[in-house]
Structure formats: C-alpha cells, structure tokens
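Got the viewer open? Let's walk through this one selection at a time.

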Amino acid sequence: MTFSCGLLSILEPDDGDEHYALSDYEGARARWCPGCGDHSVLTAVQRLLTAEQLVPEQTVFVSGIGCSSRFPHYVKTYGFHGIHGRALPVATGIKLHRPDLRVFVVMGDGDCCSIGTAHWIHALRYNLDIVVMLLDNGIYGLTKNQTSPTTPQGYPSNTQPHGSFLPALNPLSATLGVTNASFVAQTAEWVPAHLYATLKAAHRHRGLSFVRILQRCPVYTPDLFQLAVRDPSRIALLVHDDGVVVPELEKVYATQVAHDPRDLAAARALAEATDRIHLGVLFRDVSRPRYEELRRVPPRTSDERLALLDQELDRYAV
Amino acid sequence: MATVTESPQRAAAPAVAAPPAAQRLREHTIEIVSDSGEGAQKCGQIFGAVSAKMGNGVWTVEIIPAEIQPPPRIPEGASGNRIRLGSAPVTNGGDATNLAIAFNEQVLLARHRLGALANDATLLIEDMWATHEDADIRAAWEQAMAELSGRSYRIVPVPMEAQCLTLVDNARKGKNMFALGVLTWIYQRDLERVRDQIAFAFRKKSEEVFASNVALMQLGHDWAAAHLDFRIEVPSAPPAEALVVMNGNEAIGLGGIAAGMELCAMYPITPATSVSHYLSEVFERFGGIVHQAEDEIAAAGVALGASFAGKVAFTITSGPGLALKTEFIGLAVMTETPLVVVDVQRGGPSTGLPTKVEQSDLLASMVGQPGDSPHIVVAPATIEECFHVMVTARRLAEAFRTAVIVLSDANLATGVTPFPRPKADEHWQAQPPDLAPVTDGLRPYGWDRETGLSRRVIPGQPGGMFTATGLSHDEGSKVAYSSGVHQRSSAMRSRKIAVLQGLLQPPVVHGAPRGDVLVVGWGSTKGTIEEAVDRARAEGLRVSSLHLRFLSPLEPGLKQIFKRFKRVVTVEINYSDEPDDPYITDENRRRGQLCWLLRATTLVDVDCWTRVPGEPLRPGAILDAIRARVSRGGAS
C-alpha cells in the first residue's frame with residue numbers, strides 16, 4: 001500500500017472495501033534459504049494480515065535473534081528485531097503501554113525454549129493479548145547447526161555430533177503446564193491451509209495465543225518430520241467448532257480427533273502423545289485474566305498529573 | 001572510664017521535680033539501634049521527620065543488616081537509624097554519634113567497634129539484660145560493659161522492657177515508640193507533631209495500633225522527664241521556604257512521576273526496590289504502573305518495549321541487575337530507543353554488600369555494554385537531585401534517543417533529609433506520543449550529519465513503518481550489508497554524546513578557584529566532601545572541591561580547572577590500591593573509577609582516595625586524607 005492510500009484509510013474507515021492488498025504487507029525481500037519453513041509462515045501471516053485488514057501502522061512484529069527472527073523485516077508493519085531470547089519482554093512492554101497495537105511475536109526454538117525460557121513461561125502467565133509464534137525447526141540454524149532443546153534425541157549437530165544427548169523438550173507440554181495459559185495450538189509449515197487457519201484462530205483469540213509451528217530446516221534438519229510429511233496418516237487433526245476446522249484437508253488427513261479445547265487434561269494427553277503428530281487447537285480458555293486489562297489505569301493529562309503531584313508533595317511537606 | 005548512672009529502676013530516689021536546663025548545641029547526632037524487627041528504624045524515621053518539620057537540619061542514615069531477621073543480640077544484626085540534627089542544613093551523616101539509644105548491648109557494641117560513637121557519647125541502654133535469667137546473657141552484658149568502658153561514654157541504663165510491659169503484653173513491639181518518647185523529651189520535640197508523624201507512619205495499620213504507639217511514646221516521654229537529668233537543645237528556625245522531607249528512593253519515584261513517565265519495570269533488588277514500593281502505592285493514581293518482571297533482563301526489555309511504543313519508561317535496579325540489563329541497554333543505544341535505567345548502587349562485586357553504599361558501578365555503567373555503546377550517565381548528588389534527575393534523564397533520553405543511566409546509591413536511597421519543595425513545571429511532563437502521519441519522508445534514523453540527532457518514529461504513525469533492529473543499520477533501519485554504514489552509524493551515535501557535552505556548563509568549584517588540592521567527587525558524597533573541604537579551609541588549607549553530575553559525557557572544562565591546583569584527588573566510595581601497598585606501583589595501581597576516567601580524558605595525573613567501609617564516608621576521614629595530601633605538597 002502506498003502512503004496516500006494509508007491516509008485514505010484513515011479518512012474513510014469502515015467503508016467495506018478492502019484497503020490493503022497482500023502486497024501492502026510485503027517488507028524487504030526475505031533472505032531465508034530456499035525451502036525454509038519460514039517462507040510458509042511469512043506467506044500465511046501476510047495472508048492473515050490481508051484477510052483481517054490489519055492496519056499496518058497499528059501492527060507490530062517483535063522478534064529476538066535467529067533465522068526466524070528476521071521475520072519483522074519482511075513484513076511492512078512496525079517491527080522490533082531485538083536480542084536473543086528477549087522478544088517477549090519487548091512485546092510485553094509494547095502491549096502494556098499501547099494496548100491499541102496488535103502485537104505478533106516470532107521466535108525460534110532456541111529463542112523461546114532455551115535462552116528465553118523464563119520469558120516464555122511468564123508471558124504465558126501474563127496472558128497479554130498477543131500472538132506468539134514458535135517457529136520450531138529443532139536446530140540452531142543462524143549459528144550453523146547446534147543442538148536446540150527441541151532437537152530430537154540422537155539427532156546429530158555440530159555441538160553434539162553423536163546425536164543429541166537428551167530427549168527433546170516438549171514445548172506444548174511445557175506451555176500447557178503454565179497457569180493462565182489461554183490458547184495453545186500446533187500446526188505445521190508443510191500444511192499451509194492448516195497453518196493459515198490456526199494463525200487466524202490465534203489472532204482472533206483474546207489473550208496470548210501460543211502457536212507452535214513445526215518446521216524443517218532445509219540445511220540442517222531436512223529430514224525432521226519426514227515421516228509425517230510423506231505419510232499424512234501420521235498426522236491427526238484436532239477438530240472442534242471452538243478450534244480449527246479446515247474442510248479442504250479432510251481428504252488428505254483422514255485422522256481427525258474431536259477435541260474440545262476447553263479440556264485441559266485431554267490437551268495435556270494429546271501434547272504427550274507419541275503415536276501421531278496432533279495439529280490444531282489443543283487448549284483455549286477465553287476466561288483467563290489478561291494482564292493488560294488487569295493493569296489498565298485511567299490515563300492522566302499532564303495538568304492532572306501535576307496537580308496530583310502537588311497533593312502528593314503535601315504528604316512530605318515540612 | 002565510662003560513668004554508669006544508677007539504673008533508675010533500682011534507684012530509690014523519687015523523680016526529679018523540675019526539668020533540667022537543656023544544653024544548647026549547634027548539632028547533635030543520634031542513633032537508635034535494635035535487633036532487626038524491633039522497629040528502631042521506624043523510631044528514627046519519625047524522629048527525623050518531626051525534627052525536619054520543626055525546622056532543624058536533618059540527615060538520616062539507615063543502619064541495615066543484610067538479613068531480614070538475623071539472630072537476636074548479635075552485633076552484626078544491628079538495625080536502626082543515625083540522625084544528624086543541626087541548626088543549619090545538614091548534608092551528610094557526619095562523623096560520630098553523640099547519643100545512642102540501644103535495645104541491647106550487643107547492637108551497641110557493633111556501633112562501638114565501627115567507631116561510630118563519639119568518645120564522650122551518651123549511651124542509653126535497655127538494662128533488662130543485666131539481670132536476665134540466662135547466665136550467658138548476663139555474662140555477655142558484663143563483657144560488653146567492660147569493652148565499652150574503654151571509652152569515656154556516659155552509660156544510662158533504661159528499663160525499656162519493664163516500662164513497656166506496663167502497657168503492652170509484647171514489649172518487643174513497643175520499645176521503639178518508648179525510645180521515641182525518650183528522645184522526644186531529651187530533644188524537646190513537639191508532642192503534637194510526634195503524634196501526627198506516628199499516625200502517618202502507621203497509616204496502613206488500625207486505630208488501636210496508633211493509640212497503643214502514642215501511649216508508649218508518651219510513656220517513654222514521661223519516664224525520661226522523671227528520670228533523666230539532661231536535655232539537649234539544637235535550636236531550629238522555621239524554614240525560609242517550603243520544604244519536603246523524604247528519602248532518595250521516594251524522590252526517584254516521585255521524580256519519575258514528575259517526568260510524566262508511566263511505566264516502571266523492575267525486579268526486586270536491594271537497595272533499589274523501595275522505589276517500586278513507593279510507586280506501587282501511588283503510581284496508578286497518576287496513570288502509571290509498576291511492572292514487576294520475571295527477572296532483571298525482562299524488566300529492561302519491558303521498559304524498552306514501552307519506550308519504543310510511546311512514552312519513555314524506566315527500570316530500576318542495583319549493580320547485579322545492571323549487569324543483567326547490559327545487553328538491553330546496548331539494544332536501546334543501537335535502536336536509539338530512549339530508556340532510563342536507575343542503578344541504586346551497593347557494594348560489589350557479585351552479591352557484595354547488598355544493603356551498603358558503594359560507588360563501584362561507574363565504569364560498568366559507562367562501558368559495560370557489548371560493542372561501542374555511547375550513552376548518558378548521570379549521578380544525583382543529593383536527595384533533592386534524586387527527584388530532579390528523573391526529569392532530566394527522561395528528557396535527555398528522548399532528545400538524544402539513547403539510554404540514560406542514573407547512578408544513585410544506598411546512601412541516597414535510604415538517607416532522609418528536607419529539601420526545597422519542587423515546584424511542578426509543565427515542561428517536566430512527557431507529552432503523549434505524536435502519532436501524526438509521517439509526511440516529510442522522515443526516516444527512522446534521519447541522522448543530522450552534524451549532530452547525529454534524529455526524530456523518533458513511533459508505532460501508530462501512518463507511513464512510518466520500520467523495523468528497529470539491534471543489527472547495524474542505515475538511516476532507513478535497513479540492515480547494513482554494505483561497508484561504511486557501520487562506521488557512519490557508529491559516528492552518529494557517538495556524536496550525540498559530544499553534542500550533549502557542548503550544552504553543559506563547566507562545573508562550579510566549591511571554594512577558591514585555585515589552590516593546593518582539588519577534591520573531585522561524584523554522587524552521594526557531595527555533602528560530606530564539601531563539609532570536609534570547609535573544615536580544611538577553616539584550618540587554613542588551600543583546598544577546594546568539584547562535584548560532577550555528568551559522567552558520560554563528562555562536564556566540560558575539567559582540564560582547565562584542574563590546572564589551577566597542585567594536586568587533584570578524587571574521593572570515592574569504591575576500591576583503589578594504596579600507592580604504598582605491596583606490589584603496587586604507579587603503573588599497576590588500580591585507581592578509583594572516576595580517577596581512572598579523569599586521567600584518561602584529561603591526561604592530568606589525578607590521584608584518588610577511596611574507601612569501601614560499607615557505610616557513607618565520614619567528613620573527618622576525608623579531612624584527614626586532605627591533610628595528608630596537603631602535607632605531601634607539590635604537584636602530584
């Protein structure tokens with residue numbers, strides 16, 4: 001979208017026309033490797049922005065460090081590409097101070113599940129109204145092939161060449177264990193329709209929507225999830241009116257599990273399941289308190305504040 | 001030999017009929033010390049506040065153990081307040097205590113061993129321990145009395161426990177108000193004001209608590225009137241201007257409000273945390289919030305995120321927390337996002353002395369970030385400046401689009417003194433972010449080629465969309481892949497610091513503009529240094545002092561000022577090697593942090609005198625150091 005059109009949208013809001021085309025959300029040309037799952041996510045996100053007609057200047061993408069953290073540069077909204085593992089505190093500050101802004105957070109598995117773990121756990125508890133995407137390809141890509149917390153046990157890397165020593169951390173189980181988590185979903189970069197539908201559900205949820213996106217790194221983990229990619233029967237779609245339903249996928253993905261996202265115990269069981277990869281909304285509870293709502297205070301003008309300051313100084317007056 | 005007055009409890013003599021004439025003194029320093037949890041600090045705070053309201057100069061220093069509830073009756077557990085009372089304004093805690101009131105002899109021993117008590121100090125001691133049923137306690141009392149008898153102290157036993165038990169079941173909770181009453185009588189404090197201050201101090205408690213505390217205070221007052229044969233008068237005059245009295249952390253909190261900031265993100269750390277206690281009580285009324293983050297790093301990140309999206313936010317911390325925040329401070333510098341970081345310094349390294357004053361974060365705050373990270377470092381010198389520095393810091397952060405680190409310390413944080421009441425000014429307040437469309441081709445880093453300054457673009461502004469990044473970037477915030485961009489952007493970020501220095505005035509010398517010794521200080525030591533310098537000048541020594549508020553950039557004109565003195569010496573509360581210590585040479589000597597900085601920037605052979613006593617420097621100790629420097633004479 002050109003700038004003049006942006007002005008038009010302010011002058012003539014809600015006239016029912018689609019103001020923003022997909023190209024209006026296109027930032028710099030993506031520099032990810034060919035075949036990288038990040039491209040799929042970018043496409044789905046731009047499609048979502050277009051479908052939902054999010055106003056570019058009122059949308060902020062926040063990231064940390066890693067391949068996927070270049071994401072904000074490739075979306076033509078506001079963005080903040082910060083430091084490793086710390087996207088969530090920055091997003092928290094933005095949303096707390098400016099609840100009017102739509103905030104998306106993009107993290108990799110190193111960002112979210114390793115260096116930034118504390119923020120991940122606590123952001124879930126704050127439950128700010130933001131969309132959090134974990135682009136999980138099970139490896140450190142930008143720093144060239146080191147084991148991440150979600151690298152499958154036995155999978156080799158430059159730091160653990162004989163295979164990852166430990167069982168992989170399960171981001172879904174961890175997320176579902178956090179008090180006040182309100183939306184937890186899983187999708188996969190190689191199922192674009194599901195990816196899109198899941199992001200849309202995440203966007204429409206009021207509260208922190210945590211979406212783990214399964215990805216392959218074409219360079220370091222190309223065979224990750226290969227069994228599931230080749231054999232759709234290894235994937236089960238979680239379906240529910242309150243979750244994600246993608247009719248066009250029913251032919252390919254025959255295994256469908258009716259799962260009520262309000263059922264936390266069932267969600268935890270699904271997260272732990274090893275027989276199949278479950279895609280869909282595992283948990284959703286709109287009644288969970290949202291931090292920015294709890295902390296909302298009446299705004300003050302400068303004059304009001306200075307008058308109150310004078311009163312406050314009275315308490316300390318000699 | 002100490003004179004031990006017969007314990008009034010055991011004395012047969014009836015109460016004195018007429019109050020003794022008060023001894024008039026220009027100043028007097030008082031201490032209230034107890035085990036932690038016995039409320040000596042509350043007593044000291046009330047006494048200090050009342051004295052300030054009566055027009056005395058007052059400086060209160062907290063005596064704080066590291067633990068919340070250390071074992072009872074151990075010297076290390078001493079907790080309380082020192083209050084230096086003067087007829088004129090008081091700028092520091094002074095040298096020695098003239099009168100102490102102690103709830104047991106062990107905490108008093110701690111003060112004695114620290115050299116905190118004047119040789120002729122009057123010591124009022126709870127005397128229940130002398131006759132305690134536990135033989136070990138009686139023995140400890142005897143030992144302590146023997147140790148204290150080495151000085152000329154006047155020791156006055158006070159039956160605090162016995163007296164308080166006439167009113168309350170648990171004297172442990174009442175002695176502080178009894179002690180307050182004793183001091184109220186000795187120093188002739190206005191009873192009505194004392195009652196009002198008790199009401200303020202216990203405003204969160206019930207009416208019964210207030211009534212009980214007032215009764216205990218009255219009991220102490222009446223006991224003193226009946227049994228003590230001395231009173232002290234430190235004349236006071238009603239202040240010429242409106243004053244407020246508070247500690248440095250409250251001043252920082254109020255200053256943040258005055259600056260129009262709306263978010264303070266923090267993680268609990270001593271001695272910074274009480275800023276957030278204060279703000280948590282009042283900030284929401286001002287449209288602001290305190291966000292207690294999951295860790296120090298997140299606190300910096302939340303403040304940075306909020307600043308990026310609108311008004312400048314601030315985070316408060318102490319040394320170890322500053323270390324954790326360094327990466328975010330670097331990010332603020334790189335993304336040119338305004339950020340105010342308050343570091344209330346304590347003893348280090350590592351956990352160090354969590355409750356004690358030190359000035360050891362200067363260099364870490366300046367150069368602790370990865371890469372070249374030019375930003376602003378300022379240090380308030382007084383509690384009053386703790387208030388005003390927040391407005392300055394916010395405005396500088398905004399105007400220069402960078403991080404501003406405010407270096408306070410435990411001495412300012414917990415010190416209480418009256419200062420001129422700030423007159424609210426609309427310019428202090430941050431304006432709401434201007435979200436007007438970007439119409440003039442403004443780029444997110446449209447650096448002025450001369451100054452490096454640029455205008456901020458804020459989310460919500462149509463047409464201004466950009467991605468701030470910690471990667472090296474050009475004017476458009478495009479990642480720098482071409483050579484030359486990093487050199488240029490580094491220059492632009494650095495230039496701003498020089499531009500700021502150009503706006504500063506050269507500092508004003510305290511004392512004559514030339515002489516033998518110039519003492520240079522920064523931060524909380526201003527009052528102490530100037531008192532030492534004034535005493536030195538009264539002795540005829542040609543000594544002056546200079547106090548710096550800006551550390552990055554340094555205030556201008558220092559080299560010219562230094563040239564007018566034979567010797568320049570910094571006085572700081574951080575560690576430096578003594579020149580004549582083993583292995584220490586002029587080449588390997590590790591100097592005070594400001595000294596290091598001044599030598600590097602002025603090429604003047606600046607010397608230093610620094611100490612890390614875990615308490616504020618005493619003017620007498622600085623005076624001794626000055627005398628030594630003058631007697632060495634000549635250029636250094």
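Start with helices H1 and H5 of chain B: H1(B) and H5(B) cross in a right-handed sense. This is a predicted model, so keep the confidence colouring handy for later. To get the pair on screen, select residues 40-53 of chain B for H1(B); its axis and that of H5(B) come within 8 Å and cross at roughly 30°.

Now show side chains at that crossing. On the H1(B) side, pick Ala40(B), Lys42(B), Cys43(B), Ile46(B) and Phe47(B). They meet Asn176(B), Met177(B), Ala179(B), Leu180(B) and Leu183(B) in H5(B).

Keep H5(B) selected, residues 175-186, and add H7(B), residues 207-227. How do these two axes meet? They come within 6 Å and cross at roughly 45°. That angle makes H5(B) oblique to H7(B), because anything from 35 up to 65 degrees falls outside both the roughly parallel and the roughly perpendicular ranges. The crossing of H5(B) past H7(B) is right-handed.

For the contacts here, H5(B) contributes Met177(B), Phe178(B), Leu180(B), Gly181(B), Val182(B), Thr184(B) and Trp185(B). Across from them in H7(B), look for residues including Leu216(B), Met217(B), Gly220(B), His221(B), Trp223(B) and Ala224(B). Met177(B) and Leu180(B) are worth labelling: they appear in the contacts with H7(B) and also in those with H1(B).

Next, hop over to chain A and select His205(A). You'll find it in the loop between helix H7 (192-204) and strand S8 (209-214) of chain A. Is His205(A) buried or exposed? With a relative accessible area of 0%, it counts as buried, because the cut-off is under 20%.

Then bring up what surrounds His205(A). Setting aside neighbours within four places in sequence, its contacts are Arg102(A), Asp129(A), Ser182(A), Phe183(A), Arg284(A), Asp285(A) and Val286(A). Zoom in on Arg284(A): its side chain and that of His205(A) are joined by a polar contact of 3.2 Å.

Last stop: colour everything by pLDDT. Chain A averages 94, with 94% of its residues scoring at least 70. Residues 1-13 of chain A are below 50, though this stretch has 18 contacts in the model beyond near neighbours in sequence. Chain B also averages 94, and 97% of its residues score at least 70. There, select residues 6-14: pLDDT stays under 50, and the model has ten contacts for them beyond four places in sequence. Where pLDDT is low, don't read the predicted coordinates in detail. For the model overall, the scores are ipTM 0.95 and pTM 0.94.

Terms used:
Residues are numbered from 1 along each chain as its sequence is written. Chains are lettered from A and ligands numbered from 1 in the order in which they are written. This is a predicted model: local features need pLDDT of at least 70, side-chain atom pairs count only at pLDDT 80 or more; totals for chains, interfaces and linings use all residues. Side-chain values use heavy atoms; hydrogens and water are left out. pLDDT is the predictor's confidence in each residue, from 0 to 100. Contact means heavy atoms within 4.5 Å. Helices (H or I, at least four residues) and strands (E, at least two) are DSSP runs, numbered from the N terminus. Buried means under 20% relative accessible area, exposed over 50%, partly exposed in between (1.4 Å probe, protein chains only). A polar contact is a pair of N or O atoms within 3.5 Å; within protein, one must be able to donate a hydrogen and the other to accept it, and residues adjacent in sequence count only if both atoms are side-chain atoms. Axes are lines fitted to C-alpha atoms, for helices over the stretch in contact, and angles run from 0 to 180 degrees between N-to-C directions. Angles under 35 degrees count as roughly parallel, over 145 as roughly antiparallel, 65 to 115 as roughly perpendicular and the rest as oblique. A crossing is left-handed if the near helix is turned anticlockwise from the far one by less than a right angle, and right-handed if clockwise.
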